[in-house]
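Thank you for sending this structure for comment. My notes follow as numbered points, each of which can be checked against the coordinates.

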Amino acid sequence: MSDTLPEGVERREVDGRERLCTRGEPVYGEPTDGEWRAWDAGRSKLGAMLALGMDTGLAGGETALYLGAANGTTVSHVADFAGPTYAVEFSPRPVRDLLDACASRPNLFPLLKDARRPETYAHVVEADCDVLVQDVATRGQADVAVRNRRFLAEDGRLLLAVKARSEDVAAAPDAVFDEVLAELREAYEVLETRSLDRYHEDHLGVVATPK
């Protein structure tokens, strides 16, 4: 359990209650307090991991690779406090919204690519990224993390949100999580896991580092 937030992420009172916040232009209608905008943990798996006190190892200023960027909700917050941030999204429709989030964030680079095929963006993404954030709603989530390990520095962190229903809609979530973690351990040392049920049902937050 850790309450250490990266530099550039603060708990601030917004709309009468304490919330995680980052500094940046609003992206998804989130409430603001001056230049700070609320980071809604109910719409962000990484936000939930931080809100729950998981030790993500984030300090601020990291080079980040984000898999499953979607409309840019979470990755825009990452870009607010990180360094160069590469946002991989496979579906063209959300990428249009993602581009809007990039407009005020010169360090946020959108990539319309498939996270299952890292070779298609290896020429763009820097080697030795400090953090790999993964939130992809697809079968084979551990495989995606293993394939993208190539981009992580040896002391880098994988921050993974495992969605049980994307792996197997009929199986018990705990059984799915065990399976995903077993596969993940072929390439990573798992440092911490935690249920994200308070914010995201049938999701597991995972912090790991490359072996």
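**Notes on the predicted model**

1. C129 is buried, with a relative accessible area of 1%, and the model in which this value was computed is a predicted one. The cut-off for calling a residue buried is under 20% relative accessible area, and C102, whose relative accessible area is 10%, is therefore buried as well.

2. On the question of cysteine pairing, the structure holds zero disulfides. C102 takes part in no disulfide, and the cysteine sulfur nearest to it, which belongs to C129, lies 16 Å away. The same reading holds from the other side, since C129 is likewise in no disulfide and has the sulfur of C102 as its nearest cysteine sulfur, at 16 Å. A disulfide is counted here when two cysteine sulfur atoms lie within 2.5 Å, and a disulfide is, in general, a covalent bond between the sulfur atoms of two cysteines.

3. A second point concerns E167, which is found in helix α5, a helix made of residues 164-167. Which side chain of opposite charge is nearest to E167, and how far away is it? It is that of R139, at 5.8 Å, and E167 is buried yet has no salt bridge. A salt bridge would require a side-chain nitrogen of Lys or Arg within 4 Å of a carboxyl oxygen of Asp or Glu. The side chain of E167 does, however, reach the backbone nitrogen of G140 at 3.0 Å. Leaving aside neighbours within four places in sequence, the residues in contact with E167 are T138, R139, G140, Q141, A142, V176 and V180.

4. Turning to the sheet, four strands form an open arrangement in the order β1-β2-β4-β3, with antiparallel pairing. The strands β1 (9-14) and β3 (32-33) stand at the edges and have a single partner strand each, so one side of each is left without a neighbour in the sheet. Within this sheet, β2 (residues 17-23) and β4 (residues 36-38) run antiparallel and are joined by three bridges; R23 stands opposite W36 in β4. As background, strands of a sheet pair through backbone hydrogen bonds, either parallel or antiparallel.

5. Finally, E201 is placed in the loop between β10 (188-195) and β11 (203-210). E201 has a relative accessible area of 62% and is exposed, whereas E167 is buried. Although E201 and K163 are 38 residues apart along the chain, their C-alpha atoms are separated by 8.6 Å.

Notes: Residues are numbered from 1 along each chain as its sequence is written. This is a predicted model: local features need pLDDT of at least 70, side-chain atom pairs count only at pLDDT 80 or more; totals for chains, interfaces and linings use all residues. Side-chain values use heavy atoms; hydrogens and water are left out. Helices (H or I, at least four residues) and strands (E, at least two) are DSSP runs, numbered from the N terminus. Buried means under 20% relative accessible area, exposed over 50%, partly exposed in between (1.4 Å probe, protein chains only). Two strands pair if DSSP finds at least two bridges between them. Lys and Arg count as positive and Asp and Glu as negative; His and the chain ends are not counted. A polar contact is a pair of N or O atoms within 3.5 Å; within protein, one must be able to donate a hydrogen and the other to accept it, and residues adjacent in sequence count only if both atoms are side-chain atoms. Contact means heavy atoms within 4.5 Å.
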